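Trainee: I have a chain on my screen and would like to learn how to read it. Could we go through it step by step?

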Amino acid sequence: MTGRERRRRWSMADKLRILAECDGPGVQVSEMAARHAVYRGLMCQWRRQARGGLLVARPPPEFVPVRVATADCHSDALAELEPVSLPAPSPRVATAIEIELPGGIRGRVGEKVGLVALRRVPAALRA
């Protein structure tokens, strides 16, 4: 494998498609790994994630039926409706950052971590 193939970012759909091919009768993981230029260990990791429910397809978006009704100003339906005031959205404050390394390794670091400690995180995650 070349360096470019090793660093490929696999989409969820790609992972699930490759795993589905592995489930066929008589299929060997090593053959599928070679066919798709994926490390065998990575495929085993994907299989464990799929069995654990961590590697699943997102449900497709659904359409919600909407009915548009016309009402004149004298309608009883409009009289029952009262204006609702929504609270102002609060600004979102980041409390942590997540670092993802190739191979699916992830680490989450809180906002209080100093720069020196933060530089050690990738090395610690690789170990």
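Mentor: Start with a term: helices (H or I, at least four residues) and strands (E, at least two) are DSSP runs, numbered from the N terminus. Keep in mind that this is a predicted model.

Trainee: How many helices and strands are there in the chain, and what pattern do they follow along the sequence?
Mentor: Count the runs and you get six helices and two strands. Now read them along the sequence. The pattern is α-α-α-α-α-β-β-α.

Trainee: What share of the residues counts as buried?
Mentor: The cut-off comes first: buried means under 20% relative accessible area. The chain has 127 residues. Of these, the buried share is 17%.

Trainee: Let's take α4. How does its reach compare with the span expected at 1.5 Å a residue?
Mentor: Helix α4 covers residues 40-51, which is twelve residues. The expected span is 16 Å. From first C-alpha to last, α4 comes close to that, reaching 17 Å.

Trainee: Which residues of α4 are buried, and where do they sit around the axis?
Mentor: Look down the axis of α4. The buried residues are L42, M43 and W46. They fall within an arc of 100 degrees, so they line one face of the helix.

Trainee: Why can residues three or four places apart point the same way?
Mentor: Think about the turn of the helix. Residues three or four places apart point the same way because an α-helix has 3.6 residues a turn.

Trainee: Which residues of α4 are exposed on the other side?
Mentor: Exposed means over 50% relative accessible area. Turn to the side of α4 away from the buried residues. There you find R40, R48 and R51.

Trainee: What do the buried residues of α4 pack against?
Mentor: Follow L42, M43 and W46, the buried residues of α4. Their packing partners are two helices. These are α2 (12-22) and α3 (29-36).

Trainee: How do α3 and α4 cross?
Mentor: Their axes come within 9 Å and cross at roughly 110 degrees. That makes α3 roughly perpendicular to α4. The contact involves V29, S30, M32 and A33 of α3, with R40, M43 and R47 of α4. As for its hand, the crossing is right-handed.

Trainee: Which residues of α3 are buried, and what do they pack against?
Mentor: V29, M32, A33 and H36 are the buried ones in α3. They lie within an arc of 100 degrees seen down the axis, so they line one face. The face turned away carries the exposed residues A34 and R35. The buried residues pack against α2 and α4.

Trainee: Are α2 and α3 oblique or perpendicular to each other?
Mentor: The axes of α2 and α3 come within 10 Å and cross at roughly 140 degrees. R17, I18, E21 and C22 of α2 meet M32, R35 and H36 of α3. Angles of 65 to 115 count as roughly perpendicular, and over 145 as roughly antiparallel. The crossing angle therefore makes α2 and α3 oblique.

Trainee: At what angle do α2 and α4 pack?
Mentor: Their axes are 10 Å apart. K15, I18, L19 and C22 of α2 touch M43, W46, R47 and A50 of α4. The helices pack at an angle of about 95 degrees, and that makes α2 roughly perpendicular to α4.

Trainee: Which residues of α2 are buried, and which helices help cover them?
Mentor: The list for α2 is D14, K15, I18, L19 and C22. They cover an arc of only 125 degrees, which puts them on the same side of α2. The cover includes α3 and α4.

Trainee: Why does K15 count as buried, and which residues does it touch?
Mentor: K15 is found in helix α2. Its relative accessibility is 18%, so K15 counts as buried. Leave out residues up to four places away in sequence. K15 then touches W10, W46 and L55.

Trainee: Which residue in the loop between α3 and α4 has a positive phi?
Mentor: Most residues other than glycine have a negative phi. The loop between α3 and α4 holds a residue that is not a glycine, yet has a positive phi of about 55 degrees. The residue is A37.

Definitions and conventions
Residues numbered from 1 in each chain as written. Predicted model: local features only at pLDDT ≥ 70, side-chain atom pairs only at ≥ 80, totals over all residues. Heavy atoms only, no water. Expected span 1.5 Å × (residues − 1). Buried < 20%, exposed > 50% of the residue type's maximum accessible area, 1.4 Å probe, protein only. Arc of directions from axis to C-beta. Contact = heavy atoms within 4.5 Å. Axes fitted to C-alpha atoms, helices over the stretch in contact; angles between N-to-C directions. Parallel < 35°, antiparallel > 145°, perpendicular 65-115°, else oblique. Left-handed = near helix turned anticlockwise from the far one by under 90°.
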